[in-house]
Amino acid sequence: MPADPFPPPPDPHRPPPPYADAPYTDPRAGVPYAASPTHRTYPWLPPAPPPPRPHRAPRHAPLGHHSDLRRLRRAYRWQRRTATLTALGYFVLFLVLSAFAPSLMTGTTAGVPTGLLLAVGQVPVTWLAVALYEATARRRVDPLAEMMRRQAVVDARREAVR
């Protein structure tokens with residue numbers, strides 16, 4: 001069927017269709033004029049929202065939503081307690097012996113007072129506490145932290161792709 005030679009006039013309350021390059025052409029007169037808006041909607045109307053992207057559920061929960069953080073906190077807590085109790089425990093033992101066993105502390109061992117030997121022994125015990133701290137860090141904390149660091153990189157890449 002041939003096109004209607006006399007199309008109905010455009011509704012004056014409806015904007016003309018948007019054209020990116022050409023001005024609006026009046027269908028009755030066939031004369032182009034630049035009354036067409038260059039935007040798709042009136043300026044006071046918000047733009048149409050973008051279509052929603054299809055949601056793909058991740059294979060695993062994002063970082064921080066699983067037990068890895070709890071395991072890391074627990075390992076770090078164990079590490080701090082081990083080192084602290086080693087150093088402070090020896091020092092408290094030294095203070096308790098000084099207060100409640102003065103005869104033991106003033107006694108001699110190989111010509112040197114036992115209290116002095118125990119006081120000088122505080123330095124190696126502190127070094128032992130530092131060594132325990134490093135050993136538990138290498139054995140328990142660092143592997144968990146490295147695993148979480150790798151997982152964070154994977155999660156960041158996955159978010160960048162989306």
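pLDDT is the predictor's confidence in each residue, on a scale from 0 to 100. Keep that in mind, as this is a predicted model.

**Stop 1: colour by confidence**

Colour the whole protein by pLDDT. The average is 77. Of the residues, 69% score at least 70. Now select strand β2, residues 32-33. Among the elements of the protein, β2 has the lowest mean pLDDT, at 53. Then select β4, residues 112-113. β4 has the highest mean, at 92.

**Stop 2: the whole chain**

Switch to a cartoon view. Count four helices and four strands. Walk along the sequence and you meet them in the pattern β-β-α-α-β-β-α-α.

Next, show the surface. The protein exposes about 13,100 Å². Carbon and sulfur atoms supply 66% of that area. Of the 162 residues, 17% are buried. Now think about contacts between residues with a separation of 6 or more. In 58% of these, the partners are 24 or more positions apart.

**Stop 3: helix α1**

Select residues 68-100, which form α1. How far apart are the end C-alpha atoms of this helix? They are 46 Å apart. At 1.5 Å a residue, its 33 residues should span 48 Å, so the two values agree.

Show the buried side chains of α1. They include D68, L72, A75, T82, T86, Y90 and F94. The buried residues of α1 pack against α2 (102-106), α3 and α4.

Zoom in on Q79, in helix α1. Is Q79 buried or exposed? Its relative accessible area is 2%. The cut-off for buried is under 20%, so Q79 counts as buried. Now look for its contacts beyond four places in sequence. You will find Y133, T136, A137 and V141.

**Stop 4: helix α4**

Select residues 122-161. This is α4, with 40 residues. From first C-alpha to last, α4 reaches 56 Å. That is close to the 58 Å expected at 1.5 Å a residue.

Where does α4 bend? Go to A137: the bend there is about 45°. A137 is also one of the buried residues of α4, and one of the contacts of Q79.

Add the other buried residues of α4 to your selection. Among them are Q122, V125, A129, T136 and D155. The buried residues of this helix pack against α1 and α3 (114-120).

Now pick A131, also in helix α4. A131 has a relative accessible area of 39%, so it is partly exposed. Draw a distance from its C-alpha to that of A83. The two atoms are separated by 8.4 Å. Along the chain, these residues are 48 apart. A83 is one of the buried residues of α1.

**Stop 5: the nonpolar core**

Select L72, A75, V141, L144 and M148. These five residues are the largest nonpolar core. α1 and α4 each supply at least two residues of this core. Which helix gives the most? α4 does, with three residues. A general tendency is worth recalling here: in soluble globular proteins, nonpolar side chains tend to be buried together.

Centre on L144. Leave aside its neighbours within four places in sequence. L144 is then in contact with R71, L72 and A75. Two of these partners, L72 and A75, belong to the core as well.

**Stop 6: the loop and α2**

Move to the loop between β3 (108-109) and β4. Select A110, which is found there. Its phi is near 55°. That is a positive value in a residue other than glycine. Is A110 buried or exposed? A110 has 81% relative accessibility, so it counts as exposed.

Finish at T106, in helix α2. T106 is exposed, with a relative accessible area of 60%. Draw one last distance, from the C-alpha of T106 to that of L116. They are 8.7 Å apart in space. In sequence, T106 and L116 are 10 residues apart.

Conventions: Residues are numbered from 1 along each chain as its sequence is written. This is a predicted model: local features need pLDDT of at least 70, side-chain atom pairs count only at pLDDT 80 or more; totals for chains, interfaces and linings use all residues. Side-chain values use heavy atoms; hydrogens and water are left out. The expected span of a helix is 1.5 Å times one less than its number of residues. The bend at a residue is the angle between axes fitted to the seven residues ending there and the seven starting there. Buried means under 20% relative accessible area, exposed over 50%, partly exposed in between (1.4 Å probe, protein chains only). Contact means heavy atoms within 4.5 Å. A nonpolar core is a set of buried Ala, Val, Leu, Ile, Met, Phe, Trp, Tyr and Cys residues joined through side-chain atoms within 4.5 Å. Accessible areas come from the Shrake-Rupley method with a 1.4 Å probe; for residues, only the protein chains shown count as cover.
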